[in-house]
Amino acid sequence: MKIIVITGASDGIGAEMARQLARREGAQVALVLAARNEARLALVASQCAELGAQTLVLPTDVSLEPDCRALVAATAQRFGQIDVLINNAGMSAQALFDQVKADDLVWYQQLMRVNLWGSVWCTHAALPYLKQSRGSIVAVSSLAGLFGVPGRTAYSASKFAMTGFFEALRAELITAGVSVTT
């Protein structure tokens with residue numbers, strides 16, 4: 001059985017990935033669904049279970065390092081392995097930088113905690129299991145992580161950082177047999 005962890009699985013891209021994986025893999029997959037909204041996670045889990053997948057719902061705030069480590073620990077305790085980590089949790093932001101007040105720059109930090117650090121912390125915690133399974137890491141980024149977009153300075157910066165991190169990690173893990181897809 002393949003064990004797949006998906007952050008940001010309560011809606012949007014994460015929820016749809018979970019449903020498509022359940023549809024494609026059925027009983028051959030266990031989906032660990034992580035996000036902050038437990039009620040929406042439960043709905044996605046029930047949809048995936050109807051398609052034959054095993055599910056585990058773990059409320060997680062990826063902007064908190066202990067939550068990321070707990071997500072991986074609970075997954076390993078339940079299934080004993082991790083084959084795929086999909087770093088999908090993220091948040092968007094839009095503002096012209098010269099119109100952002102100094103007191104409001106704290107949301108730039110929050111964006112980095114979610115979009116970059118959440119992925120870094122989850123990946124770091126899961127890496128021993130991914131090396132053991134010769135698994136895969138997926139980092140859901142954006143074109144804004146390749147090209148600066150006006151009005152999206154914070155978002156672009158977080159996704160550029162994410163892209164750079166996972167590009168470098170791909171090169172580091174090639175000999176370990178762990179694939180990294182951005």
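**Strand β2.** Select residues 29-35, which form strand β2 of this predicted model. The strand is mostly covered, since seven of its seven residues are buried. Display the side chains next and compare the two faces of β2. V29, L31, L33 and A35 point one way, while A30, V32 and A34 point the other way. The residues on either face are all buried.

**From β1 to β2.** Now add strand β1, residues 2-7. The strands β1 and β2 pair in the parallel sense, and six bridges join them. To find one of these places, select V5, whose bridge partner in β2 is V32. Between the two strands, follow the chain through helix α1, residues 12-25. This β-α-β crossover from β1 to β2 is right-handed.

**From β2 to β3.** Add strand β3, which spans residues 54-59. Here too the pairing with β2 is parallel and runs over six bridges. Select A30 and look for its bridge partner in β3, which is Q54. Helix α2, residues 38-50, belongs to a right-handed β-α-β unit together with β2 and β3.

**The largest pocket.** Which residues lie closest to the centre of the largest pocket? Select G8, N88, A89, G90 and M91, which have that position among the 28 residues of the lining. The volume of this pocket is about 520 Å³. Colour α1, β2, α4 and α5 next, as each of these elements supplies at least two residues of the lining. Strand β2, where the tour began, is thus one of the contributors. By residue type, the lining consists of nine nonpolar, 14 polar and five charged residues.

**T163 in helix α5.** Move to helix α5, residues 153-173, and select T163, which is located in this helix. Is T163 buried or exposed? T163 counts as buried because its relative accessibility is 10%, and the limit for a buried residue is under 20%. Then show what surrounds T163. Apart from neighbours within four places in sequence, T163 is in contact with S141, G145, L146 and T182.

**R134 in a loop.** Finally, select R134, in the loop between α4 (106-133) and β5 (136-139). In contrast to T163, which counts as buried, R134 counts as exposed, because its relative accessibility is 56% and the limit for an exposed residue is over 50%. Inspect the backbone here as well: R134 has a positive phi of about 50°, although this residue is not a glycine.

Terms used. Residues are numbered from 1 along each chain as its sequence is written. This is a predicted model: local features need pLDDT of at least 70, side-chain atom pairs count only at pLDDT 80 or more; totals for chains, interfaces and linings use all residues. Side-chain values use heavy atoms; hydrogens and water are left out. Helices (H or I, at least four residues) and strands (E, at least two) are DSSP runs, numbered from the N terminus. Buried means under 20% relative accessible area, exposed over 50%, partly exposed in between (1.4 Å probe, protein chains only). Two strands pair if DSSP finds at least two bridges between them. A crossover is right-handed if, with the strands pointing away from the viewer, the path from the first strand over the helix to the second runs clockwise. On a 1 Å grid over the protein atoms alone, a cavity is a set of points where a 1.4 Å probe fits but cannot get out, and a pocket is an open set with protein on both sides within 12 Å along at least five of seven lines; lining residues have an atom within 4 Å of a point. Grid points are joined across faces, edges and corners, and a volume is the space filled by probe spheres set on the points. Ala, Val, Leu, Ile, Met, Phe, Trp, Tyr, Cys and Pro count as nonpolar, Asp, Glu, Lys and Arg as charged, and the others, Gly among them, as polar. Contact means heavy atoms within 4.5 Å.
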